[in-house]
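The exercises below are meant to be worked through with the sequence and the three-dimensional structure in view. Each task is followed by a solution that proceeds step by step.

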Amino acid sequence: MASFTLLSDALSLGSVPPLHEGTGLQWGERSLSPGPQPTAAAPETASPDVEVLEEEDDGTDTDAPWTVILFNDEVHTFQEVITQLVKATGCTSAKAEKLAWTVHTKGKATVYEGSFQECFDVQAILNEINLITEIRG
C-alpha cells in the first residue's frame with residue numbers, strides 16, 4: 001500500500017520542497033514559461049492609413065442658430081433690463097430699450113441669436129438679476 005501526505009499537512013509542517021528546483025516556484029504556482037524572458041524591443045509599426053469621415057448633419061448640431069428668449073416680469077424696472085441686455089448681448093442702449101419695450105408689451109422677445117455656447121453665456125448674464133429666460137434651438 002502506498003503512503004501519501006496531504007498537501008495541507010505538508011504545508012503546515014513546512015516540509016514541501018519547491019516544485020522545480022532553481023525556479024522559485026512553490027506548490028500551486030504555475031509558470032507558462034521556463035525562467036525569465038528576455039525583453040525585446042517593440043517592433044516598429046507602420047502608421048495605418050487614415051480615412052477621414054465627414055459627419056452628416058442630423059439637426060442636433062449645437063452651433064446651429066439658437067435664440068435667447070426674455071420673458072416679461074413685474075419685478076424688474078426698464079432700466080435694470082436695459083442695463084443687463086447691454087451687458088449680456090453687447091447691443092446699444094437704444095436697441096436694448098426697444099427689446100425691453102417688446103418684452104413689456106408682447107410678454108416675450110428674442111433678445112439674442114447665436115451658437116448654443118453664446119446663448120448659454122448670454123442667458124447666464126441675464127440670469128444674474130433673475131430675469132426669466134429660455135434658450136431655444
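## Exercise 1: The loop after the fourth helix

Task. Determine how accessible Asn127 is, and where Asn127 and Asn130 lie.

Solution. Step 1: Asn127 is partly exposed, with a relative accessible area of 31%. The classes are buried for under 20% relative accessible area, exposed for over 50%, and partly exposed in between (1.4 Å probe, protein chains only). The model is predicted: local features need pLDDT of at least 70, side-chain atom pairs count only at pLDDT 80 or more, and totals for chains, interfaces and linings use all residues. Residues are numbered from 1 along each chain as its sequence is written, and side-chain values use heavy atoms, with hydrogens and water left out.

Step 2: Asn127 has its place in the loop between H4 and E3. Helices (H or I, at least four residues) and strands (E, at least two) are DSSP runs, numbered from the N terminus.

Step 3: Asn127 and Gln84 are 43 residues apart in sequence, while their C-alpha atoms are 9.1 Å apart in space.

Step 4: Asn130 is also found in the loop between H4 and E3. Asn130 counts as exposed, at 60% relative accessibility. Its phi is near 65°, a positive value in a residue other than glycine. Most residues other than glycine have a negative phi.

## Exercise 2: The order of the elements

Task. State how many helices and strands the protein chain has, and in which order the elements run.

Solution. Step 1: The secondary structure comes to four helices and three strands.

Step 2: From the N terminus on, the elements run α-β-α-α-β-α-β.

Step 3: Of the 137 residues of the protein chain, 23% count as buried.

Step 4: Contact means heavy atoms within 4.5 Å. Among contacts between residues at least 6 apart in sequence, 62% join residues at least 24 apart.

## Exercise 3: The salt bridges

Task. Find which side chains form salt bridges, and where the partners of Glu128 and Lys87 lie in the chain.

Solution. Step 1: A salt bridge is a side-chain nitrogen of Lys or Arg within 4 Å of a carboxyl oxygen of Asp or Glu. Side chains of opposite charge can pair when their charged atoms come close. A search of the whole structure finds two salt bridges.

Step 2: One is formed by Glu128 and Lys87, whose closest N and O atoms are 2.7 Å apart. This pair links distant parts of the chain, 41 residues apart: Glu128 is in the loop between helix H4 (116–126) and strand E3 (132–136), and Lys87 is in helix H2 (residues 78–89). Glu128 is partly exposed, with a relative accessible area of 46%.

Step 3: Glu134 and Arg136 also meet in a salt bridge through their side chains, at 2.3 Å from N to O. Glu134 is partly exposed at a relative accessible area of 30%, and Arg136 is partly exposed at 36%.

## Exercise 4: The buried face of H4

Task. Identify which residues of H4 are buried, and what covers them.

Solution. Step 1: The buried residues of H4 are Cys119, Val122, Gln123 and Leu126.

Step 2: Seen down the axis of H4, these buried residues fall within an arc of 100°, so they line one face of the helix. The arc is that of the directions from the helix axis to the C-beta atoms.

Step 3: The cover over the buried residues of H4 includes E1, H2, strand E2 (108–114) and E3.

Step 4: Val68 lies in strand E1 and counts as buried, at 0% relative accessibility. Leaving aside residues up to four places away in sequence, Val68 touches several residues, among them Cys119, Val122 and Leu126. The C-alpha atoms of Val68 and Gln123 are separated by 6.7 Å, although these residues are 55 apart along the chain.

## Exercise 5: The lining of the largest pocket

Task. Name the elements that give two or more residues to the lining of the largest pocket.

Solution. Step 1: The elements are strand E1 (66–71), H2 and H3.

Step 2: H3 gives the most, with three residues.
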